[in-house]
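Biologist: Please take a close look at one part of this model for me: the place where the domains meet. I would like one connected account.

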Amino acid sequence: MAEADGTGGGTFQTLTADVIAALRQAKSVFVLTGSGTSAESGLPTFRGVGGLWRTHRVEELASPEGFARDPVLVWTWYNERKAAHERAQPNAGHDALAQLERSLRDFTLATQNVDSLHQRAGSRNVVELHGSLREARCTRCDARRLFDATGLPLDEIDHSCGGRWRPDIVWFGESLPPAAWHQAQEAAARADVILVVGTSAVVYPAAALATHYNDRAFVVEINPDRTAISERVDCVLTGTAAGVLPHLLTN
Ligand code: OAD
């Protein structure tokens with residue numbers, strides 16, 4: 001595994017050139033992103049300093065049992081997150097990935113994020129592994145409704161069918177949406193280059209997309225810190241998404 005610090009040193013430039021060359025030759029590119037990709041847009045990660053799961057109880061806010069116990073608490077929290085997503089702007093990392101997609105024929109970006117910032121930056125082929133905070137769905141009849149920038153009004157949580165509106169995201173103990181998972185797995189398997197950006201790679205099955213389905217691809221991690229997969233990838237560009245990703249663009 002080759003590694004370089006993204007502060008502009010010679011090793012970083014050499015490795016970046018290797019990644020650019022690999023991207024140029026690639027017929028197919030797969031990208032897996034996590035919350036670190038949006039950190040420079042001002043959104044917190046989950047496990048880092050100030051991370052959401054350091055200050056909030058995951059079982060209360062991100063599980064079907066927690067929602068059944070206290071739906072108002074859960075919606076209050078997701079409404080605040082939704083408002084923060086709306087206030088945030090895509091950063092140079094999101095922009096670079098959108099630009100990279102435009103230069104490649106087969107490009108898939110699978111994200112664990114629910115903030116829609118990749119789409120707002122212009123990314124097209126985005127697979128949302130953990131759902132999104134654009135829609136609510138009914139716990140009983142599976143109906144869907146969009147909710148706006150302020151989220152779901154707390155007096156509208158009950159649905160007329162007897163169920164409740166819940167955020168259309170994946171909670172702990174739940175399966176990933178089958179179509180999204182299938183699409184991401186196939187894209188990971190056929191990729192020549194895999195970029196893994198801003199994720200601690202500890203939440204499965206999403207993390208498996210980085211290293212489990214393809215032993216042929218050139219796997220590049222972009223992260224300021226070491227992660228669960230740093231030892232297993234081909235190249236680590238140590239730095240932030242907004243700091244490193246623009247260097248991978250050649251035009
Ligand atoms: P984590 O909080 O686990 O990891 C965030 C990663 O981003 C860490 O490896 C950081 O080092 C890195 N990071 C921080 N700032 C960065 C920056 N500016 N540029 C690039 N990387 C940076 O978040 P995720 O890996 O996204 O799931 O967590 C995965 C899943 O766990 C989430 O989708 C969520 C959570 O529980 C659900 O809610 C289902």
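Modeller: What follows goes from the domains to their contact, then to a histidine and the cores.

The model is predicted. The domain assignment splits the chain in two. Domain 1 takes residues 1-42, 90-130 and 176-251. Domain 2 takes residues 44-87 and 131-169. Their centres, taken over C-alpha atoms, are 27 Å apart.

Now the contact itself. On the domain 1 side, 17 residues take part, and they meet 13 residues of domain 2. The area buried between domain 1 and domain 2 is about 1000 Å². Carbon and sulfur atoms give 48% of that area. Three residues stand out on the domain 1 side: Ser35, Val114 and Glu128. Together they supply 42% of the area that domain 1 buries against domain 2, more than any other three residues.

Next, the polar side. Five residue pairs are in polar contact between domain 1 and domain 2, counting pairs with both residues at pLDDT 80 or more. The count of salt bridges between domain 1 and domain 2 is one. Glu128 and Arg134 form a salt bridge through their side chains, at 2.7 Å from N to O. By element, helix α7 (residues 117-121) gives the most to the side of domain 1 that touches domain 2. Its share is three residues.

His85 deserves a look here. It sits in helix α5, which covers residues 71-87. His85 has 8% relative accessibility, so it counts as buried; the cut-off for buried is under 20%. Beyond its neighbours within four places in sequence, His85 contacts Leu43, Val114, Asp115, Leu117, Arg120 and Leu133. Val114 is thus named twice: among the contacts of His85, and among the three residues that supply 42% of the area domain 1 buries against domain 2.

Last, the nonpolar cores. The largest has 27 residues. Leu195 and Leu237 have the most contacts inside this core. Elements giving two or more residues to it include the helices α1 (10-25), α6 (92-102) and α10 (241-244). Strands also do so, among them β2 (28-33), β3 (106-111) and β8 (193-197). Helix α1 gives the most, with five residues. Leu237 touches several residues more than four places away in sequence, including Phe12, Leu15, Val19, Val220, Ile222 and Leu248. A second core is separate and has 25 residues. Leu129, Ala201, Ala206 and Ala217 are among them.

Key:
Residues are numbered from 1 along each chain as its sequence is written. This is a predicted model: local features need pLDDT of at least 70, side-chain atom pairs count only at pLDDT 80 or more; totals for chains, interfaces and linings use all residues. Side-chain values use heavy atoms; hydrogens and water are left out. Helices (H or I, at least four residues) and strands (E, at least two) are DSSP runs, numbered from the N terminus. Buried means under 20% relative accessible area, exposed over 50%, partly exposed in between (1.4 Å probe, protein chains only). Contact means heavy atoms within 4.5 Å. A nonpolar core is a set of buried Ala, Val, Leu, Ile, Met, Phe, Trp, Tyr and Cys residues joined through side-chain atoms within 4.5 Å. Domain bounds come from an automatic or database domain assignment. Buried area is the accessible area (1.4 Å probe) that two parts lose on being put together, summed over both. A salt bridge is a side-chain nitrogen of Lys or Arg within 4 Å of a carboxyl oxygen of Asp or Glu. A polar contact is a pair of N or O atoms within 3.5 Å; within protein, one must be able to donate a hydrogen and the other to accept it, and residues adjacent in sequence count only if both atoms are side-chain atoms.
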